[in-house]
Amino acid sequence: MMRFGLTLALLFGFLLAVIGCLFFILSVDISSQQRVLLDALLAQRAPPLALLAMLILLALGIGLKKLYQHYLIPLAQLSEDVVLLTANSAHRALPQGAREIRALIDKFNTLAASHQTLQDHVQARIEQANRALAEEKNRLAALMSELAQSVLVCNLEGRILLYNTRATQLLETTHDAAGTTIGLGRSVFGVIERGLIVHALEQIQHQRQQTDEQLTRPASDFVTTLANGQIVRAHMVPVLDNADALNGFVLTLEDITRNVATDSRRDALLHSLTQDTRAALANIRAAVETMRQFPDMNDAKRDQFTAIIDDESQRLSQQIERAEQGQSEHPGSRWQLEEMRGTDLIALLKRRIESRSVRIDTLATIDATLWLKLDSYALTQSLAYLVQRIAGEFNVSELHFGLQRAERLAHLDLSWSGSPLPLETLQAWENTALPLSAGKRLLTLSAVIAGLDGESVYLYHPAQRTSCYRILLPIAEPQAALDIRLKQPGRPEFYDFDLFHQSGQTAALDQGLLSRLSYTVFDTETTGLQPAAGDEIISIGALRIVNSRLLAQENFDQLVQPGRKLSAESSAIHGINDAMLHGQPTIESILPQFHRFAEDTVLVAHNAAFDMRFLQMKEERTGIRFTQPVLDTLLLSQVIHPHQEQHTLEAIATRLGVDIVGRHTALGDAIVTAEVFLKMIPLLAEKGIFTLGDAREAEQQTPYARIHY
Amino acid sequence: MSHKVLIVDDEPNIVISLEFLMQQSGYEVAIARDGEQALAQMVSFQPDLVLLDVMLPLRNGFEVCQKIRENSLWNRVKVVMLSAKGREIEVSKGLALGADAYITKPFSTKDLIAQVQRLLSDRA
């Protein structure tokens, strides 16, 4: 209406200017006689002229108003209708305005109808495809749930895309309403050491680069300890995209805690039965043989040897007894080992250790046929430490790796030139405890080598002034079972793997695309509208959106004991009564769970300021702060449809074609809000609002943004 | 002049046999109970051959062997390692460090004496 007034004023001004000009033209350079005549004429005709002027002005005003009513306003609404149509294909424009405009609206509606038909058709096809997809998915889910192993599918950032119930059972450490530690969109690094995963991925990348190894299926194995102390063996295989590039991985986990315990006991038993009895046997045998070889020895000597035999036989009996009772002196906590090609190990070492100051060369003496039994992660980490010390203390900038076969052993050689390394220094370095990755394991190089059943030797050649640190390792038989020819690249085709393309969530959240972020959409029911006056939350409902997909299963739905009586008015709205809240947990115990549920996501709510106010009221008491960004569907609706007056959740839902189900329960409203929010994302994009930062900025420009609770 | 043999072992039950056998074979014998003593005896006793156990207090047999090989004065000293650590990898390590022979326990005393005699006649 402002624009209408302004246009009218301009028109009137223009008219006055024309009349003024007319007078000016009439009265300029005329004689005084003519002027008198003119003045008289004007004075005489003034009333009809004034009337005429009034009439003209009135006519202009009315004309302009009609023009607005019948042409301009309907056109402006029509353009909003076009936008609405893109969100809700059932939307039609109301016929209004002038004949031509009505005709246009008519054409628009015809077009909309054919658009809707097309849309429905496409929708039907999509649903058909989705059904097929869902079927595949269910088949996969059924298959996965039958597996004895736990399976996790993750993208390269370590975000979990898919998992089975076994995985939940194995990995869950806490039991509360907020669910388990794993869930779609959560990070796998919460349960498995990051360093290990990165290491395994590097190994797979390396295997894929080996052109001669097209026939084998790249994979990596490792063993790790979970937070709850269980030991699991992990088998990692890559997931490839259309361009055959690595974009994720599948982890199969197997609980081997019991196996490891049994293995360790068996190892320890074997150890004591070999090494310890060898010594005792040697003493007996030497004594017996000496006595037989020298039958003429004197009695005193003979008694001495008999005493040895007696003593050692008793020691032997005790050892066997101890072994039987399982009380071995050698705690054999052997780490589980993986089999690996020696060349792959060298490549891994080279990549891990090489830096700007240290160059790593491989020697010509690399035996490509060697397979080793290793914990490659621990070995590379601890060797990297050794190289770093050697390079630092002896000013060595170039080292060489060699790998060769020596009968049934492999020699892994690290050589460099310079002054000899004192034995004591080397021993100190070998025995320095290194935190491997997240610090769950503390290992020394010598322990790592011992764990591989290996030995290390330091050799110095004075003539060439070269040093060689040699690790002797047992050779493993090559794994023939791995040479399985892949007919086609094995890529699963049956799930929503869009998350693969999701960028990290913590860094530069504001630059994250709205369609790619993870959200927790929530709603609360309260005893009343005034948090400051003591009103309390009685219910929280929430669900998550990951990658523009609503995850209805992973929801949060909790009634809360408010510690005060409900008013009849509020009960009438939400249908919750005092009896239902009896025995429910208090907000102090629920907020931490909800906080965990919403971790690492953007919060979304309708009229978010209201719900946030209730959450913030509890900050001091519970110490729980919700610091993540918040989006408000109320404000976003104003951004999208500034000309619409109604921005209630119902009005928006109706406008956007979202079914309203289960309103006025916290979870029901959260679901409606989430569906509305999903519909809004493409509409926001039309307005040039793509990122979280864009959306938050646009929200702040709306008039409602200034309301505070 | 008879050859000198240094026996390095911390178990008296084997030392008694070894000492007797070496004396009967006509060698002059000295005993060391740990790694440090062994290195001290290398200087004071100046043996021609060392019977060296691996598991020793203070310094293990591998270290002692390495120290002996580091010193060019002891180039001609023969080292025979005697150990209950009988895995291939340990044998390999002993030989890599410069031991002339690595004998795993239990061993035949005849073979041991033959080995010692052979090594010392090589030297002469």
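Contact here means that heavy atoms lie within 4.5 Å, and the views below apply that term to a predicted model.

**View 1. The interface of chain A and chain B in the predicted model.** On one side of this interface 38 residues of chain A take part, and they are in contact with 32 residues of chain B. Between the two chains an area of about 3,100 Å² is buried, and carbon and sulfur atoms give 57% of that area. R278(A), L423(A) and E455(A) supply 18% of the area that chain A buries against chain B, which is more than any other three residues supply.

**View 2. Helix α10 of chain A against helix α3 of chain B.** In this close-up L423(A), E424(A) and Q427(A), which belong to α10(A), meet E63(B), Q66(B) and K67(B) of α3(B). By class, the contact of these two helices comprises one nonpolar, two polar and three charged residues. Two packed helices are described by the angle between their axes and the distance between the axes. For α10(A) and α3(B), the latter spanning residues 61–70 of chain B, the angle is about 150° and the axes are 12 Å apart.

**View 3. Polar contacts and the elements of chain A that touch chain B.** Between chain A and chain B there are 12 residue pairs in polar contact, counted where both residues are at pLDDT 80 or more. On the side of chain A that touches chain B, at least two residues each come from α6 (257–293), α7 (299–324), β10 (409–417), α10 (423–430), β13 (455–461) and β14 (466–476). The largest share of that side, 12 residues, is supplied by α6(A). Sorted by class, the side of chain A that touches chain B has 17 nonpolar, nine polar and 12 charged residues.

**View 4. A salt bridge between R315(A) and E11(B).** Side chains of opposite charge can pair when their charged atoms come close. Over all chains the count comes to 17 salt bridges. R315(A) lies in helix α7 of chain A, whereas E11(B) lies in the loop between β1 (4–8) and α1 of chain B, so this pair joins two chains. The N to O distance between the side chains of R315(A) and E11(B) is 2.9 Å. Across the interface of chain A and chain B, four salt bridges are found.

**View 5. An aromatic pair formed by F305(A) and F20(B).** The structure holds 11 aromatic pairs over all chains. F305(A) and F20(B) form an edge-to-face pair, with 5.6 Å from centre to centre and 75° between the planes. This pair crosses between chains, from F305(A) in helix α7 of chain A to F20(B) in helix α1 (residues 12–24) of chain B.

Conventions
Residues are numbered from 1 along each chain as its sequence is written. Chains are lettered from A and ligands numbered from 1 in the order in which they are written. This is a predicted model: local features need pLDDT of at least 70, side-chain atom pairs count only at pLDDT 80 or more; totals for chains, interfaces and linings use all residues. Side-chain values use heavy atoms; hydrogens and water are left out. Buried area is the accessible area (1.4 Å probe) that two parts lose on being put together, summed over both. A polar contact is a pair of N or O atoms within 3.5 Å; within protein, one must be able to donate a hydrogen and the other to accept it, and residues adjacent in sequence count only if both atoms are side-chain atoms. Helices (H or I, at least four residues) and strands (E, at least two) are DSSP runs, numbered from the N terminus. Ala, Val, Leu, Ile, Met, Phe, Trp, Tyr, Cys and Pro count as nonpolar, Asp, Glu, Lys and Arg as charged, and the others, Gly among them, as polar. Axes are lines fitted to C-alpha atoms, for helices over the stretch in contact, and angles run from 0 to 180 degrees between N-to-C directions. Rings of Phe, Tyr and Trp (its six-membered ring) pair if their centres lie within 6.5 Å; planes under 30 degrees apart count as stacked, over 60 as edge-to-face and the rest as tilted.
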